[in-house]
Amino acid sequence: MRTRIKICGLTREEDIDAAVAAGVDAIGFVFYPKSKRYVTPTRAAQLRRVVPAFVDVVALFVNPSPDEVRAVLDEVGPELLQFHGDETPQDCARHGHRYLRAFRAGAPGLETAEGLATYCRAFGEAAGWLFDSYSAGFGGSGHGFDHALLADVKADPVSRPLILSGGLNPDNVAAAVQSVRPWAVDVSSGVEVEQGIKSSDRISFFVAAVHAADAKK
């Protein structure tokens, strides 16, 4: 079993090219207007044209309206939706499209392994559960969290594929993969030179570190 890799918050064609060349499995576009990595559906559709076959496109939302999601589905055609806000299971499923549900580990009510696992179970229809660190605002914080909080999620027989995020970078991702053994890892700021601008070298180093960790399984 190998660890899948997603690079999120892409805003430029050259960054997509770098991610694809490094061998990532998925790339993410952010449709949250308050994010510095935000792209419009029209811009995302342009970027989508350079994504080759067998690399998934993931559309990230934070508390979107149904019309906002529909516009992205129609114009961009992502393989997966990703919900990072306060969306209920019904909010996520209403679009009739495969989705990932993100959880902010350490948030109120999610600060224990038991509380986190209990909350996650309501999203049993998700294609995967993504775990990021808690911050006051929405979206990625760029900081890590205590991976011990995932103990009950990992042990739960109804758990969905676990996607690890939050503070990952080329220097720490190998240790995280060896400790958690997630289905996939998701990185944004950890491979950037500035917000929204990725580094091809950091992407390559990140992917190489994940592969090295997999080889030690």
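In the predicted model, 8 strands form a closed barrel in the order 1-2-3-4-5-6-7-8, with parallel pairing. Averaged over the sheet and with direction ignored, neighbouring strands are turned by 25° against each other. Helix 8 (residues 200–215) packs on this sheet, where it touches strand 1 and strand 8, and the direction of helix 8 makes about 160° with that of strand 1.

Strand 1 (residues 4–7) pairs in the parallel sense with strand 8 (residues 184–187), over 4 bridges. Within this pairing, lysine 6 stands opposite aspartate 186 of strand 8. Strand 1 also pairs with strand 2, again in the parallel sense, over 2 bridges, and here isoleucine 7 stands opposite isoleucine 27 of strand 2. The connection between these two strands is made by helix 1 (residues 13–22); strand 1, helix 1 and strand 2 together make a right-handed β-α-β unit.

Strand 2 (residues 26–30) runs parallel to strand 3, and the two are joined by 5 bridges. Alanine 26 is placed opposite aspartate 56 in strand 3. From strand 2 the chain passes through helix 2 (residues 41–48) to strand 3, in a right-handed β-α-β crossover. Strand 3 (residues 56–61) has 5 of its 6 residues buried and is therefore largely enclosed by the rest of the structure. The pairing of strand 3 with strand 4 (residues 80–83) is parallel and comprises 4 bridges, with leucine 80 of strand 4 as the bridge partner of valine 58. The chain reaches strand 4 from strand 3 by way of helix 3 (residues 66–75), and this β-α-β crossover is likewise right-handed. Further along the barrel, strand 5 (residues 99–105) and strand 6 (residues 128–133) run parallel and are joined by 6 bridges. In this pair of strands, phenylalanine 103 stands opposite phenylalanine 131 of strand 6.

Two glutamates were examined in their surroundings. Glutamate 87 is found in the loop between strand 4 and helix 4 (89–93). Its relative accessibility is 4%, so glutamate 87 counts as buried, the cut-off being under 20%. A polar atom of the glutamate 87 side chain lies 2.8 Å from the backbone nitrogen of glycine 85. With residues up to four places away in sequence left out, glutamate 87 touches Phe61, Val62, Asn63, Pro64, Cys92, Arg101 and Phe123.

Glutamate 192 lies in strand 9 (residues 192–194). At 11% relative accessibility, glutamate 192 also falls in the buried class. The side chain of glutamate 192 has a polar atom 3.0 Å from the backbone nitrogen of glycine 196. A polar contact of 2.6 Å further links the side chain of glutamate 192 to that of lysine 198. Not counting residues up to four places away in sequence, the residues touched by glutamate 192 are Gly9, Arg37, Ile197, Lys198, Ser199 and Arg202.

Helix 8 also packs against another helix. The axes of helix 7 (residues 173–180) and helix 8 come within 8 Å and cross at roughly 35°, and the crossing is right-handed. The contact is formed by Val173, Ala174, Val177 and Gln178 from helix 7, which meet Phe206, Ala209, Val210, Ala213 and Asp214 from helix 8.

Backbone geometry was considered for two loop residues. Most residues other than glycine have a negative phi. Asparagine 63, although not a glycine, has a positive phi of about 50°. Asparagine 63 lies in the loop between strand 3 and helix 3 and is among the residues touched by glutamate 87. With 38% relative accessibility, asparagine 63 counts as partly exposed. Arginine 181, another residue other than glycine, has a positive phi near 55°. Arginine 181 is located in the loop between helix 7 and strand 8. The relative accessible area of arginine 181 is 34%, so this residue is partly exposed.

Note on methods. Residues numbered from 1 in each chain as written. Predicted model: local features only at pLDDT ≥ 70, side-chain atom pairs only at ≥ 80, totals over all residues. Heavy atoms only, no water. Buried < 20%, exposed > 50% of the residue type's maximum accessible area, 1.4 Å probe, protein only. Pairing = 2+ DSSP bridges. Right-handed = clockwise from strand over helix to strand, strands pointing away. Polar contact = N/O pair within 3.5 Å; in protein donor to acceptor, adjacent residues only side chain to side chain. Contact = heavy atoms within 4.5 Å. Axes fitted to C-alpha atoms, helices over the stretch in contact; angles between N-to-C directions. Left-handed = near helix turned anticlockwise from the far one by under 90°.
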